[in-house]
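Colleague: I would like a close look at a single part of this model. Please start there and then work outwards through the packing.

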Amino acid sequence: MLTDPVFYALAIPAIILLGLGKGGFSGFGSAALPLLALTMSPVQAAAIMLPIMIVQDVVGVWSFRKTWDGNVLWVMLPGAVAGIVLGWLLAAQVSANAVMAALGAISILFALQRLWVERGGRIAASASSPPWIGTLLGVVSGFTSQIAHAGAPPFQMWVIPKRLDHLTFAGTAAIFFAIVNWMKVPAYMALGQFTRENMLTAAALLPLAIGSTFAGVVLVRRVTGTRFYTVIYLLMIFVGAKLLWDALA
């Protein structure tokens with residue numbers, strides 16, 4: 001298990017954000033990987049997070065197992081498979097600095113996109129867009145999920161215009177990302193990242209992640225997340241810029 005105190009100084013807030021994101025503060029979790037990547041390879045950080053996310057997915061899938069849209073999954077999942085393969089090839093074939101640069105760029109773009117949407121901007125496919133648009137967005141979602149565990153924006157671009165009721169939207173997202181996370185397992189195995197050290201570190205952080213998830217479920221009903229979101233997205237821009245700077249320096 002990792003014992004570096006600097007790692008845990010960043011891992012603890014990162015995992016809390018991941019748990020809050022799974023518990024209802026959508027978008028918070030996307031800041032977790034960039035924070036961890038400040039102390040280690042982005043690929044190793046993502047491998048530590050993946051089993052934690054898979055356990056968290058169980059709660060979401062069970063909670064919304066009766067409310068989901070099969071058409072969305074049918075359209076987007078084939079593209080997600082291709083995106084995951086592309087993300088794996090990027091991580092396998094290029095240097096750690098290149099992966100760090102990609103993570104930094106994705107973090108900045110994600111944060112800017114969310115800040116735009118939070119202020120009334122609109123970046124989405126229309127409700128009448130052909131299915132191939134959804135499949136293409138599935139590719140992007142799979143790719144960004146494989147590289148940065150940040151596949152939500154492309155998913156939302158396709159699904160939000162369909163105006164699903166909130167329970168169906170939540171259930172479809174829970175099932176989609178649970179499947180995507182399991183599909184990422186072979187890629188991380190091929191990259192040799194499921195080491196004893198990484199898995200023990202993930203196990204040590206898991207109780208905090210589960211507790212944070214339940215805290216998110218409670219807090220999301222009581223507080224407004226607008227200001228919190230702004231702070232988190234600005235943090236993502238800062239961290240993403242730091243990763244880009246380190247990768248290109």
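Modeller: Start with α7, a mostly covered helix: seven of its eight residues are buried. These are Pro 153, Pro 154, Phe 155, Gln 156, Met 157, Trp 158 and Val 159. Keep in mind that the model is predicted.

Two of those buried residues have aromatic or charged partners. Phe 155 joins Phe 169, Phe 176 and Phe 177 in one aromatic cluster. Trp 158 has Lys 162 over its face, 4.1 Å from the ring centre.

Next comes the loop that leads out of the helix. Arg 163 sits in this loop, between α7 (152-159) and α8 (166-190). Its phi is positive, about 55 degrees, although Arg 163 is not a glycine. Most residues other than glycine have a negative phi. Arg 163 is also exposed, with a relative accessible area of 73%.

Now step back to helix α6 (residues 131-148), which holds Gln 146. Is Gln 146 buried or exposed? Gln 146 is buried, because its relative accessible area is 2%, and the cut-off for burial is under 20%. Beyond its neighbours within four places in sequence, Gln 146 touches Ile 84, Gly 87, Trp 88, Lys 184, Ala 187 and Tyr 188. Take Leu 86 as a gauge of sequence distance. Gln 146 and Leu 86 are 60 residues apart in sequence, yet 8.6 Å apart in space, C-alpha to C-alpha.

Leu 86 and Gln 146 both belong to a helix pair. Helix α4 (residues 70-93) packs against α6 at an angle of about 35 degrees, with the axes 6 Å apart. The crossing of α4 past α6 is right-handed. On the α4 side, the residues that meet α6 include Gly 79, Ala 80, Gly 83, Ile 84, Leu 86, Gly 87 and Trp 88. On the α6 side, Gly 134, Gly 138, Gly 142, Phe 143 and Gln 146 are among them.

Another pair involves helix α1 (residues 5-22) and helix α9 (residues 196-219). Their axes come within 7 Å and cross at roughly 40 degrees. α1 is therefore oblique to α9. This crossing is right-handed. From α1, the contact residues include Phe 7, Tyr 8, Ala 11, Ile 12, Ile 15 and Ile 16. From α9, they include Leu 205, Leu 208, Ala 209, Ser 212, Gly 216 and Leu 219.

α1 also packs with helix α3 (residues 42-63). Here the angle is about 30 degrees and the axes are 11 Å apart. The two helices are therefore roughly parallel to each other. This crossing, too, is right-handed. Phe 7, Ile 15, Leu 18, Gly 19 and Lys 22 supply the α1 side. They meet Ile 48, Met 49, Ile 52, Met 53, Gln 56 and Asp 57 in α3. Phe 7 thus appears in the contacts of α1 with α9 and with α3.

Phe 7 has an aromatic partner as well. The structure holds six aromatic pairs. One of them joins Phe 7 and Tyr 8 edge-to-face, at 4.9 Å centre to centre and 80 degrees between the planes. Both rings belong to buried residues: Phe 7 has a relative accessible area of 2%, and Tyr 8 counts as buried at 18%.

A charge over a ring also turns up elsewhere. The charged end of Arg 65 sits over the ring of Trp 62, 3.7 Å from its centre.

Then look at helix α10 (residues 226-248), where Leu 243 lies. Leu 243 counts as buried, at 1% relative accessibility. Apart from neighbours within four places in sequence, Leu 243 contacts Pro 34, Ala 37, Leu 38, Met 100, Leu 103 and Gly 104. Val 99 gives the sequence span: Leu 243 and Val 99 are 144 residues apart along the chain and 9.8 Å apart in space, C-alpha to C-alpha.

Finally, the whole chain. How many helices and strands does it have? The protein chain has ten helices and zero strands. Of its 249 residues, 50% count as buried. Among contacts with a separation of 6 or more, 84% join residues 24 or more positions apart.

Notes:
Residues are numbered from 1 along each chain as its sequence is written. This is a predicted model: local features need pLDDT of at least 70, side-chain atom pairs count only at pLDDT 80 or more; totals for chains, interfaces and linings use all residues. Side-chain values use heavy atoms; hydrogens and water are left out. Helices (H or I, at least four residues) and strands (E, at least two) are DSSP runs, numbered from the N terminus. Buried means under 20% relative accessible area, exposed over 50%, partly exposed in between (1.4 Å probe, protein chains only). Contact means heavy atoms within 4.5 Å. Rings of Phe, Tyr and Trp (its six-membered ring) pair if their centres lie within 6.5 Å; planes under 30 degrees apart count as stacked, over 60 as edge-to-face and the rest as tilted. A charge sits over a ring if NZ of Lys or CZ of Arg is within 6 Å of the ring centre and within 35 degrees of the ring normal. Axes are lines fitted to C-alpha atoms, for helices over the stretch in contact, and angles run from 0 to 180 degrees between N-to-C directions. Angles under 35 degrees count as roughly parallel, over 145 as roughly antiparallel, 65 to 115 as roughly perpendicular and the rest as oblique. A crossing is left-handed if the near helix is turned anticlockwise from the far one by less than a right angle, and right-handed if clockwise.
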